[in-house]
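Morning, everyone. I have one structure to walk through today. Take a look at the screen, and then we start with a pocket.

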Amino acid sequence: MKRMRFWVAIMIVWMFLVYSIERGNDAVNITGAAYIFVPVVAVLMIAVPAMRKIPLWVLLASQGALFLMIKTWGATVWGSALPLTVTELFIISVTASLARSVSKGVGEFEHALARITIGSTDALADSLSNGETEMYKELKRARNHQRPLGLLAIEVENASIQAVLDRMVQEAVQAMMKQYVLSDVARTLCEKLEDYDIIARHDDNFLILLPEVTSGQLFDLAGRLREVVYEETGVALKVGVASFPEDALTFENLMEKAVQGLEGSVEVEELGQSLQQRQPVTTEHSIS
């Protein structure tokens, strides 16, 4: 992708120089045939993928010969016009080379996009003709060695394609909305907790490390955090708690204990409600 950006930028600069060359040098008078031929060559090199497979020298030679044939109809090619003809051929050659590099970059991008969207297709033939060639070879092998062989013709139903597309759109929308909600929750957590609290994303969950918080304070803090996040975002939280050193001595065991506690988060909520009826537990953490 970066290489394609580079070649596109070089191509733009080059085309600007080509169409500005006469402004900087009055002795140069590019013919109208060259001005038309240059963009045509660039467009063909980029728009026709088959030209990537043709050797560059063959393209340059054929394009140069075609340009000379076109120019001879309305302008002088040899004699005093020879330096200008050489300059025009040089411009056409450089344009074709740059356009070929841009075309290769586009091809690489298309190939990468295909691998991302439909996965690796290395097992598929590049084209129907190539596939038929391999099939003929395999059929010949089966015939010569008296081996069985089968052939399947497969067509995708249009109705099923539409159903899959609808499902993919729904899944994409749901995934986007889920990420939006998670981002909203993360923003609220960062705003409401203290600067020295450590918040990390763990899959679709969050891990919050609260320094200097005892096990008794932890339940009260969890209950109040649920209420604040629900008020701010409308999202109900499941909260699993683990305390050092009562529940575990290592971070891995603390995380495992807290994640397991997500299944019993209703009990945490009930405990938080019961704690609200008592005198609040004093803690240095404040949730606004």
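Which helices and strands each supply at least two residues of the lining of the largest pocket? Five elements do: helix H7 at 158-192, strand E1 at 198-202, strand E2 at 205-209, helix H8 at 215-233 and helix H9 at 251-260. One caution before we go on: this is a predicted model.

Stay with the pocket. Its space comes to about 1,100 Å³. The lining counts 36 residues. Nearest the centre of the pocket sit Phe-206, Leu-207, Ile-208, Gly-240 and Ala-258. Now the classes. The pocket lining has 31 nonpolar residues, three polar and two charged.

Step back to the whole chain. It has 288 residues, and 25% of them count as buried. There are ten helices and two strands. Reading from the N terminus, the order is α-α-α-α-α-α-α-β-β-α-α-α. On contacts, take those with a separation of 6 or more. Residues 24 or more positions apart make up 61% of them.

Next, the cores. The largest nonpolar core holds 20 residues. Which of them touch the most other members? Met-11, Trp-14, Val-41, Met-45, Ile-91 and Ile-92 do. Helix H1 (2-18), helix H3 (32-47), helix H4 (56-74) and H5 are the elements giving two or more residues to this core. Apart from it lies another core, of 13 residues. Its members include Leu-193, Leu-218, Ala-222 and Val-241.

Zoom in on Val-41, from the 20-residue core. Leave out residues up to four places away in sequence, and Val-41 touches Gln-63, Ile-92 and Ala-96.

Now a cavity. A search of the whole structure turns up one cavity of 30 Å³ or more. The volume of the largest cavity is about 30 Å³. What lines this cavity? Val-18, Tyr-19, Ile-30, Ala-34, Tyr-35, Val-38 and Ile-91 do. H3 gives the largest share of that lining, three residues. By class, the cavity lining is seven nonpolar, no polar and no charged residues. Note Ile-91 here, which was also on the list of core members with the most contacts.

Two residues of helix H5 to finish. Take Arg-100 first, which lies in H5. Is Arg-100 buried or exposed? Its relative accessibility is 10%, so Arg-100 counts as buried; the cut-off for buried is under 20%. Where does the side chain of Arg-100 reach? The side chain of Arg-100 reaches the backbone oxygen of Met-51, at 3.1 Å. Set aside neighbours within four places in sequence, and the contacts of Arg-100 are Met-45, Met-51, Arg-52, Ile-54, Pro-55, Leu-56 and Leu-59. So Met-51 appears in that contact list, too, and Met-45 is one of the core residues named earlier.

Then Thr-85. Thr-85 is also in H5, which spans residues 82-118. Thr-85 counts as buried, because its relative accessibility is 2%. Beyond four places in sequence, Thr-85 touches Leu-68, Lys-71, Thr-76 and Val-77. One distance to add: the C-alpha atoms of Thr-85 and Phe-67 are 9.7 Å apart. Along the chain, those two residues are separated by 18 residues.

To recap: a pocket of about 1,100 Å³, a cavity of about 30 Å³, and two buried residues in H5, Arg-100 and Thr-85. That is my part. Over to you.

How values were computed. Residues are numbered from 1 along each chain as its sequence is written. This is a predicted model: local features need pLDDT of at least 70, side-chain atom pairs count only at pLDDT 80 or more; totals for chains, interfaces and linings use all residues. Side-chain values use heavy atoms; hydrogens and water are left out. Helices (H or I, at least four residues) and strands (E, at least two) are DSSP runs, numbered from the N terminus. Buried means under 20% relative accessible area, exposed over 50%, partly exposed in between (1.4 Å probe, protein chains only). Contact means heavy atoms within 4.5 Å. On a 1 Å grid over the protein atoms alone, a cavity is a set of points where a 1.4 Å probe fits but cannot get out, and a pocket is an open set with protein on both sides within 12 Å along at least five of seven lines; lining residues have an atom within 4 Å of a point. Grid points are joined across faces, edges and corners, and a volume is the space filled by probe spheres set on the points. Ala, Val, Leu, Ile, Met, Phe, Trp, Tyr, Cys and Pro count as nonpolar, Asp, Glu, Lys and Arg as charged, and the others, Gly among them, as polar. A nonpolar core is a set of buried Ala, Val, Leu, Ile, Met, Phe, Trp, Tyr and Cys residues joined through side-chain atoms within 4.5 Å. A polar contact is a pair of N or O atoms within 3.5 Å; within protein, one must be able to donate a hydrogen and the other to accept it, and residues adjacent in sequence count only if both atoms are side-chain atoms.
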